Amino acid sequence: MNATMKPEPENDDIELLLPWYAAGTLSHRDAARVESALANDAELARRFELVRDELGETIRSNESLGAPSARAMKQLFEKIDAEPVRSAAPSVSFMTRVSEFMASFSPRTLAYAGGVAALAIVLQAGVIGSLIGERSKTTPQLASAEKVAPVSQGVEALVQFAPQASAADIAAFLEANKATIVGGPAAGHFRIRVAAATKEQTAEIVKKLQDSKVVSFAAPAN
Amino acid sequence: MQQTSDEVLIQRIAGGDRLAMQVLFARHHVRVYRFVLRLVRNEATAEDLISEVFLDVWRQAGRFEGRSAVSTWLLAIARFKALSALRGRKEAELDDDVAEAIEDVSDTPEAAMQKKDKGEILRKCIETLSPDHREIIDLVYYHEKSVEEVAEIVGIPENTVKTRMFYARKKLAESLKAAGIERGWP
């Protein structure tokens, strides 16, 4: 066996991730792991350059394939014309409109632009907050809902949303935890208010937040 | 300027908006075409298939749940269509395609070698990978798909995605070595 041979893939998770790191499609956590390993391992850094070469040439290879002729589009719309007529377009849902804010940020852009991601989350948070506000005005209240302390009377916690969390994930997370964003971001953290009346309830809710995949950090706020 | 998101376009398409369909097609058809072309290796067939892919989008837009990116959904449909088309071909045609591919494998890296162009040799070696290896290289490097998205498109577990990519790269290194380029890996 060659002395320089790399261990099998199962023994070297970081090396397996290099292609996705080069393409900018890793989660924030995995990207940080790879960055740390690259900074401390010159051989790994050299191999990363090989990955970058592969990425560049794969793109060139694909770009050389050209594009389809206008026939493809003509063919498509002829087939669409032959389809049964649809009813009028439904109104675009709120969550879809929220996702528009996120859509212009590709994974690669997000991976390299923390500032852009933070801006997107601010926009997201504002709209989500307004959504929850709107819902509370329009949704009929169940009798059982009265047992839960109103969020306005709850306690506050600091959370940092995971970079890979989508607008839909965050909206679902807030709704599931009966939480409202009340401040932030400050240093990447948002202040949320959750329904809790006692210290035990607060600890329980914070534990639940910490276990969620949507947040990367959660703690009670002062 | 803010672009209309793919998800919004899909919602509009679900309501019968042809303009939204045109926008979505314009945005994605080239990448979908290239992905399909790699699989079927025939331009006319690839063009036919992309119109089929987008026709499926037109028909199924109302059922799109947004659990994955629209581009991932498109590639998954495209892959299914391409593989179905390949299965539908006569065996003799497939044999011809394979023979053509093998012929490419044997001489193109050498021809490139004579030009002393490392990038060109690398491209030729990428093009000679097996369909499975080529597919994963394209999905990761060109289509910018995450581990999870590749798993969804190809229909394999995430760990298999990582190891398949590793072995595709290993095969590529072997191919480069055979063409005279030693990279010191793996």
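Okay, let's start in the middle of things, with α3 of chain B: the cover over its buried residues includes α4 of chain A, along with α1 (6-14), α2 and α4 (70-88) of chain B. Bear in mind that this is a predicted model.

So which residues of α3(B) are buried? There's a run of them: B:Ala46, B:Glu47, B:Leu49, B:Ile50, B:Ser51, B:Glu52, B:Val53, B:Phe54, B:Leu55, B:Val57 and B:Trp58. The helix itself covers residues 43-60, 18 residues, and from first C-alpha to last it reaches 26 Å, close to the 26 Å you'd expect at 1.5 Å a residue.

Let me stay with chain B for a bit. Its secondary structure is nine helices and zero strands. Of its 186 residues, 46% are buried. And if you take the contacts in chain B with a separation of 6 or more, 60% are between residues 24 or more positions apart.

Now, the cores. The largest nonpolar core has 63 residues, and the ones touching the most other members are B:Ile13, B:Val36 and B:Ala78. Helix α2 of chain B, residues 18-40, gives the most to this core, with ten residues. Take B:Val36: leaving out residues up to four places away in sequence, its partners are B:Ala46, B:Leu49, B:Ile50, B:Ala78 and B:Ala82. You'll recognise B:Ala46, B:Leu49 and B:Ile50 from the buried list of α3(B). There's also a second, separate core, with 20 residues, and that one includes A:Val155, A:Ile181, A:Ala196 and A:Ile205. In soluble globular proteins, nonpolar side chains do tend to be buried together.

On to chain A. Here we have nine helices and four strands, and from the N terminus the order is α-α-α-α-α-α-α-β-α-β-β-α-β. Out of 222 residues, 26% count as buried. Among the chain A contacts with a separation of 6 or more, residues 24 or more positions apart account for 68%.

A helix to look at here is α9(A), residues 199-211. Its 13 residues should span 18 Å at 1.5 Å a residue, and the end C-alpha atoms are indeed 18 Å apart, so the two agree. A:Ile205, which we just met in the second core, is buried in this helix, and so are A:Val206 and A:Leu209. Why do those three sit on the same side of α9(A)? Because they cover an arc of only 100° around the axis. Go to the other side of the helix and you find A:Glu200, A:Ala203, A:Glu204, A:Lys207 and A:Asp211, which are exposed.

Right, the interface. Chain A puts 48 residues into the contact and chain B puts in 53. On the chain A side, α1 (13-23), α3 (42-63), α4 (70-81), α5 (94-103) and α6 (107-112) each supply at least two residues. Which helix gives the largest share? That's α3(A), with eleven residues. By class, the chain A side has 24 nonpolar, twelve polar and twelve charged residues.

Last, confidence. For the complex, the predictor gives an ipTM of 0.85 and a pTM of 0.62. Chain B has a mean pLDDT of 87, with 84% of its residues at 70 or more. Where should we be careful? Residues 98-107 of chain B: pLDDT stays under 50 there, and the model has three contacts beyond four places in sequence for that stretch. Where pLDDT is low, the predicted coordinates should not be read in detail.

How values were computed
Residues are numbered from 1 along each chain as its sequence is written. Chains are lettered from A and ligands numbered from 1 in the order in which they are written. This is a predicted model: local features need pLDDT of at least 70, side-chain atom pairs count only at pLDDT 80 or more; totals for chains, interfaces and linings use all residues. Two residues are in contact if their C-beta atoms, placed from the backbone, lie within 7 Å. Ala, Val, Leu, Ile, Met, Phe, Trp, Tyr, Cys and Pro count as nonpolar, Asp, Glu, Lys and Arg as charged, and the others, Gly among them, as polar. The expected span of a helix is 1.5 Å times one less than its number of residues. A residue is buried if 20 or more other C-beta atoms lie within 10 Å of its own, exposed if 12 or fewer, and partly exposed in between; C-beta atoms are placed from the backbone. The arc is that of the directions from the helix axis to the C-beta atoms. A nonpolar core is a set of buried Ala, Val, Leu, Ile, Met, Phe, Trp, Tyr and Cys residues joined through C-beta atoms within 7 Å. pLDDT is the predictor's confidence in each residue, from 0 to 100.
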